[in-house]
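The following exercises are to be worked with the sequence and the structure in view. Each task is followed by a solution in steps.

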Amino acid sequence: MNNRQNQIKISFWGKQFRNAGLLIILLVSAIALSLFLNSTPIAWGQSELLNLNKLISGRYNSNSNIANVDSAPVKLDGYQLFLLAAPSVNQKFPLEQRVKGIEEELNRVANSNFDPNTLQVTTSLDEKSDQSVINIDNRYLMTVTTLDAQIHGGDPIQWANSLTRIIGDALIRAHQERQPTFLRDRSLSALGLFIAAIATNRLITKLEKYLKKRKQVVESQIDDQLDAKLDVVPLNELQQQLSLKQQFNLDDLQQRILQIVQIGIIGSSVFVILGLFPCTRWLQSFIISTPLQVLGIILVAYVLIRISNLLIARFAMIIKEKDFMMLKPSQRLELRVSTITQVLTNVVAIFWVCAASLMALSVIGVDLIPLLAGAGIVGLAISFAAQGLIKDIINGFLIILEDQYAVGDVIMVGTLGGLVEKMNLRITQIRNNEGQLITIPNSAISIVQNLSKDWARVDLTIQISYETDPDRAFAVLQKLSQEIYAEPEWRSKILELPEVLGIDELQHSGMLIRIWIKTQPLQQWAVGREFRRRLQMVMQKEGIAIGIPRQALLLNKEFNQDSFKGISS
């Protein structure tokens, strides 16, 4: 009844989830449409917010790859207007000073509340330097050098005339963006975008709560099914259990993605709102700078790791499901699949972390080619120094591939033995009967005894006296075997009816009878103890005597009492 109610709740919330997803799409479309409609001529350039606010995109083709030349952008209100150039040798500081002076003059004019109708941006030729000079209202702004024109693919005079138009348009735009009407319209747009972002995040929060609740329901259903014994659970319920585990992993991945979507919505909303106002637009360049790119790489790597783990879990479930379809669930298969899944998860995580680290270094500005070349040389040196580690990894891979043992097995390695608690490509950790945790390098494992693979056996022997009728003893042992095999508690641990093999040896102490009991892995000790306990009570009840060692004393004819006393003394 409870499962039926949970399924009804999941179905109801599933519909709500689909409706919420449609609502998110509509909200994002509304935001994009509002930004598009807001791109009026009075706010030209604003439609390029999502393209990093390149104000003059397409006006010129920058060719800043000229040898021994440094370049730096000149910006106004966060928009890049043009590039300045200077020789690379000892010219970095003068280039920065030149950019700073031009930007300060442009900001002074933009904040001076000038009249756009009377604004004059002119160019003239300096007779001393024979270079073009740009003035704003007869006030010096900059000198156009030959390098400035070359990096833009033109001659100095043509580039100076182009700059007068670029600077004039930029100042008119800056003037218009500082008007109260413009600021009021942008404030309303920012408010609408903020409300839409808050509403979307609240909706996503509800979706996360729904996924969390559904995960709890699925987890409770998995726990309920795990309580049942594998040999009495129908095949369809086992398949349903695999589906529930897959659904749990998928819900967990969706929840993580929704959290990242929340961060993305908040970040993009802040980015767009900052670009709506001239006084804050410069912060956009900071937001999309190196730290944010590194953060984005980390988030993408995190999502890829989660997706990889989901795919690995799905692959493991397919293997288990095939085994269920063929015969019945195998505990051995469960151990092997869990071990391989753990190793694959670690290897894939290391791969994505390394790839993300290389991308982050590339974004920061590190040249990867020398780094990778150096890493190759260092790796070669390490490979010679760490031959033991490489041998451990290779042997560990072969152990897992050949299914020699897995986590949960009881093994013997030489004189060491115990339960395998942890294993990876480098080491195997076992815990012995005294609770000691023993760590063994995989390269040291050459011969291993697996005491719990697929099935186990109790090899039980008992000696009975020669006065006991063997057939009667066999009948008692077979009856005891049938009784313990018929009990449900022990039937789940004993795979087959215990087999009384018969008299194995005739010794001076009696007849040796051998019994084999085939059990589930790791259950041979419990079954053996219980069988011996019951065997002692049955033998005492039936009067079957245990064999006692016998000795024969042969006396010589000359042996007399005096000699016996002499020997005794």
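A residue is called buried at under 20% relative accessible area, exposed at over 50%, and partly exposed in between (1.4 Å probe, protein chains only). The model is a predicted one, in which local features need pLDDT of at least 70 and side-chain atom pairs count only at pLDDT 80 or more, while totals for chains, interfaces and linings use all residues. Residues are numbered from 1 along each chain as its sequence is written, and side-chain values use heavy atoms, with hydrogens and water left out.

**Exercise 1. Two aspartates with positive phi**

Task: State for Asp77 whether it is buried or exposed, and classify Asp137 by its relative accessibility.

Solution. Step 1: Asp137 lies in the loop that links strand S4 (131–136) to strand S5 (139–144); strands (E, at least two residues) and helices (H or I, at least four) are DSSP runs numbered from the N terminus. Its phi is near 50°, a positive value in a residue other than glycine. Step 2: the relative accessibility of Asp137 is 38%, so the residue counts as partly exposed. Step 3: Asp77 is placed in the loop between strand S1 (69–76) and strand S2 (79–87), and its phi, near 60°, is also positive in a residue other than glycine. Step 4: with a relative accessible area of 9%, Asp77 is buried.

**Exercise 2. The faces of helix H14**

Task: Compare the span of helix H14 (residues 524–542) with its expected value, and determine how its buried residues are arranged about the axis.

Solution. Step 1: the expected span is 1.5 Å times one less than the number of residues. For the 19 residues of H14 this gives 27 Å, and the end C-alpha atoms, 26 Å apart, agree with it. Step 2: the buried residues of H14 are Gln524, Val527, Gly528, Glu530, Phe531, Arg534, Leu535 and Met539. Viewed down the axis of H14, these buried residues fall within an arc of 165° and therefore line one face of the helix; the arc is that of the directions from the helix axis to the C-beta atoms. Step 3: Arg529, Gln540 and Lys541 are exposed on the other side of H14. Step 4: the cover over the buried residues includes strand S11 (456–464), helix H12 (470–486), helix H13 (488–491) and strand S13 (510–519). Step 5: just after H14, Gly543 adopts a positive phi of about 75°.

**Exercise 3. The surroundings of Pro441**

Task: Locate Pro441 and identify its contacts beyond four places in sequence.

Solution. Step 1: Pro441 belongs to strand S9 (residues 437–441). Step 2: a relative accessible area of 36% makes Pro441 partly exposed. Step 3: leaving aside neighbours within four places in sequence, Pro441 is in contact with Asp392, Arg426 and Ile427, contact meaning heavy atoms within 4.5 Å. Step 4: Gly396 is 45 residues from Pro441 in sequence, and the C-alpha atoms of the two are 8.8 Å apart.

**Exercise 4. The protein as a whole**

Task: Summarise secondary structure, burial and the sequence separation of contacts.

Solution. Step 1: the protein has 15 helices and 13 strands. Step 2: of its 569 residues, 35% are buried. Step 3: among contacts between residues at least 6 apart in sequence, 66% join residues at least 24 apart.
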